[in-house]
Amino acid sequence: MRASDPGMTAEELRRAVLEKLFCMQAKFPEVATRCDYYLALAYSVRDLMLRRWIDTAHTYFDKQSRSVAYLSAEFLMGPQLGANLINLGIMEEARTAVAGLGLDLDQLLDEEVEPGLGNGGLGRLAACYMDSLATLAIPAIGYGIRYEFGIFHQEIQDGVQVELTDKWLRLGNAWEVARPQIGYDVKLGGHTEAYTDGAGRYRVNWVPHRVVKGTPYDTPLVGYGVRNVNMLRLWKAEACESFDFSAFNVGDYYRAVDEKVASENLTKVLYPNDEPVSGKILRLEQQYFFVSCSLQDLIRIHMQRQKDLEGFHLKWAIQLNDTHPALGIAELMRLLIDDHLMDWDRAWDITRQSFAYTNHTLLPEALETWPLALFERVLPRHLEIIYEINRRFLEFVQRRYPDDSGRIERLSLIGEAGGKRVRMANLACVGSRAINGVAALHTELLKATVLRDFHELWPEKFSNKTNGVTTRRFVILANPGLTTLISGAIGESWVRDLAELRRLEPLAEDAGFRTEWRRVKRANKLSLAASIRASTGLVVSPDSLFDVQAKRIHEYKRQHLNLLHIVTLYARLLRDPAADFPPRTFIFGGKAAPGYFVAKNIIRLINSVGRVVNGDARVKDRIKVVFFPNFNVKRGQPVYAAADLSEQISTAGKEASGTGNMKFALNGALTMGTLDGANVEIRADVGAENFFLFGLTEKEVARRWARGYRPGDELARDAELRAVIEMISSGAFSGGDRSAFASIVRSLVEHDEYLLFADYRSYVDCQSRASEVYADPERWTRMSILNVARMGRFSSDRAIREYCQEIWKVEPAVVVPRAQS
């Protein structure tokens, strides 16, 4: 694939790599390692991007463009080199250049360490949106945290998840530019002192317990086929005074660096364990640190061209990616009234017009809250501001609903039940001018359940913005064979306008095209099979159905429902070795939070079932069970390309949207799913006949609970389900140890919070239908082609256009070379 306006010939790039090898790595070719060459190539590509970055900054400055500030605690960017080569349009030039040096580009791409700056869908969505913002020429800055250690590196030892430190910076980061000349002080703890200023106005001085400094590290993000290069600015915490010389001089060497260690701990780890109080404090400090730095930075940029902050909200559209950055609302108020001496009403008007809030969860327990005493200990001034916001807001609510004390309690920014807590979702709703969900069903459920009172109060604030993914990474980079096939058939315009994929529909009836489609898929499966063997030692057949569930391990995502089906098939084979179904390779991937015992035990159960099934000669390779370790963006790309069947089987009403469902479908996998999250819209677009639907709907789930759901009733009705549960509880997959998975079995039999038993029979029967279809390759291929052809709506480009037009009110600012401007 080529973007327009390529920046380098192969020969220019080859010379640039050699120059960077000498000047940046201080190596000559005879002693340079593969990593040295990767870094030299990365620096060469970065130089090209930086030239465009300067042009972009000039353009935005000259036009005084209204801009997006995207605040997210996670940015799961994935490796950058391949994506940048695609967006710059120089992938083939790079391949030729490194071949001229006796190297293989794919091997250099594999050298890049992935920055683990996110936990899953939230951070990956932010990364997709940054790609689309640049591609659509939208002025934007992403703001987040430069975690020194990201999401843990996962290893599987004796079937158990083991978490290892993610040292993603150990070899440096070729893409970032440090900005030590820019830094902001961030106060923490202490107390406040009220006073009256010379004009007789009430003022507050925050006297902090300590102050840390935020230093930015910038990563350029280039758009596809444009010269626009936007910026991801990540903050690192540093000590204001990193070395206490007086302490060192008296021999107290540890105290000499105490402040440095304490300050840098703030950005040391992504999502510290927040079970202990110290962990909660650190996480709150992290969130405040990055929003304070970011807002101070936005004010600095605004003041480069303006004399005051009256038009701040006209310059910036600030998007809160979930509640982690919601403290920004109180912080902007503090900056405006305390530091810039603005009166409350004007400051509140500017603040509410600046922010918009994206909600990502329907789980009430996942709506972030902070114990009041802890919040006051860390952010005393912000608690005062939140109290005042709440007082004024509740007076407004009281006037609207004078006789509804229950509504007032639910809307309050301070929750009273189980100890007073600050409700961050409520703060985000009150302080934002727009609120959106991330799938049509999710948005409707938000309005009807967790944010119902806010929707009734301000229905005009609410809208839906269904998530999308970037095809540049998840098709072009992940699946070059499919990319070549599609572009050869319909041209390359689909890369920037995914709706163009509709032109593939007639080709579903072309026998030759179907043959080529299967050839591409099989090549991808061969590649993944090689990776599986290298990672796990397992040999899997590319001719088997690759049935994949790769996502964060969580009970509501129901990896254990998938396991119940696997054990069902295994039991059927043991009863009837001639049972007729196509061979299947079940592939799992995903990480469990270190403190989430149930999820970690599900991983252990997956591996235990796999060990027994894979080692049973009676199965004869009809079933293989694989846990593909350390699933991340980089390792996910070949999985999306190779999958035949995508498991999107969360309990209806629990998944906000999902984006893995989109990545799999865009690569030709058929979906096995419930009517949950974006599955609803995917099924509507690809056609019910091309989607394997099972399970209860969200309304049926609610009715089951309302009637008093008893999982034991489901167990009593279904002999096959009883046999499966007995097989697990008997120790058949744990060397006879009946206690190994007793907690999982007990949870299902006694509670079954996510209705696995209620959906089991529908799921197993639907899996049988999938097997029947897979046995007919021509029918399966038609369905696969039509899935891809009808996925045009699920592009992050479409989502960003909707945000720009309906929430942010931001226009493109197309960059041209300075010499032509």
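Okay, let's start with helix α10, residues 277-302: 26 residues, and 38 Å from the first C-alpha to the last, close to the 38 Å you'd expect at 1.5 Å a residue. Before I go on, keep in mind that this is a predicted model. Back to α10, then: 21 of its 26 residues are buried, so the rest of the structure largely encloses this helix.

Another helix to look at is α18, residues 440-448. Which of its residues are buried? Those are L441, H442, T443, L445 and L446. And what do they pack against? There are two strands on the list, β16 (435-437) and β17 (462-464). Then you have three helices: α19 at 452-457, α27 at 679-686 and α28 at 698-707.

Right, on to sheets. Take the six-stranded one. The order is β20-β19-β18-β21-β22-β23, the sheet is open, and the pairing is parallel. At the edges you find β20 (623-627) and β23 (692-693), each with a single partner strand, so each has one side with no neighbour in the sheet. If you zoom in on β20, its pairing with β19, residues 584-589, is parallel and runs over 5 bridges. To get your bearings there, find I587, which stands opposite V626 in β20. Lying across β19 and β20 is helix α24, residues 597-614, and it runs at about 145 degrees to β20.

Now a smaller topic, the three-stranded sheet. Here the order is β13-β15-β14, again an open sheet, with antiparallel pairing. β13 (369-371) and β14 (414-415) are the edge strands, each pairing on one side only. Between β13 and β15, which covers residues 421-423, there are 3 bridges in the antiparallel sense. In that pairing, P371 stands opposite R421 in β15.

One more strand pair, and this one is a hairpin. β7, residues 191-196, and β8, residues 202-207, pair in the antiparallel sense over 6 bridges. E193 is the residue opposite N205 in β8. The hairpin has 5 residues between its strands, and G200 takes a positive phi there, near 80 degrees.

Okay, charges. How many salt bridges does a search of the whole structure find? The search gives 63. As a reminder, side chains of opposite charge can pair when their charged atoms come close. I've picked out a few.

First up, D55 and R227, whose side chains meet in a salt bridge at 3.4 Å, N to O. This pair links distant parts of the chain, 172 residues apart: D55 sits in helix α2 (residues 34-63), while R227 is in the loop between β9 (210-222) and β10 (229-239). Are these two buried or exposed? Both D55 and R227 are buried.

Next, R381 and E384. Their side chains form a salt bridge with an N to O distance of 3.0 Å. Why are they about one helical turn apart? Because they're 3 residues apart in helix α15, which spans residues 380-400. The two ends don't get the same label for exposure: R381 counts as buried at 7% relative accessibility, whereas E384 is partly exposed at 30%. The cut-off for buried is under 20%, so R381 falls below it.

Then there's R334 with D339, where the closest N and O atoms are 3.7 Å apart. R334 is buried, with a relative accessible area of 6%, and D339 is partly exposed, with 44%.

If you'd rather look at a network, D404, R407, R410, R452, D453 and E456 are linked by salt bridges.

Last topic, cysteines. How many disulfides does the structure hold? The count is 0. Take C35, for example: it's in no disulfide, and the nearest cysteine sulfur, the one in C23, is 18 Å away. A disulfide needs the two sulfur atoms within 2.5 Å, so that pair doesn't qualify. As for where the cysteines sit, C35 counts as buried at 16% relative accessibility, and C766 is buried too, with a relative accessible area of 0%.

That's my tour. Questions?

Key
Residues are numbered from 1 along each chain as its sequence is written. This is a predicted model: local features need pLDDT of at least 70, side-chain atom pairs count only at pLDDT 80 or more; totals for chains, interfaces and linings use all residues. Side-chain values use heavy atoms; hydrogens and water are left out. Buried means under 20% relative accessible area, exposed over 50%, partly exposed in between (1.4 Å probe, protein chains only). Two strands pair if DSSP finds at least two bridges between them. Helices (H or I, at least four residues) and strands (E, at least two) are DSSP runs, numbered from the N terminus. Contact means heavy atoms within 4.5 Å. Axes are lines fitted to C-alpha atoms, for helices over the stretch in contact, and angles run from 0 to 180 degrees between N-to-C directions. A salt bridge is a side-chain nitrogen of Lys or Arg within 4 Å of a carboxyl oxygen of Asp or Glu. The expected span of a helix is 1.5 Å times one less than its number of residues.
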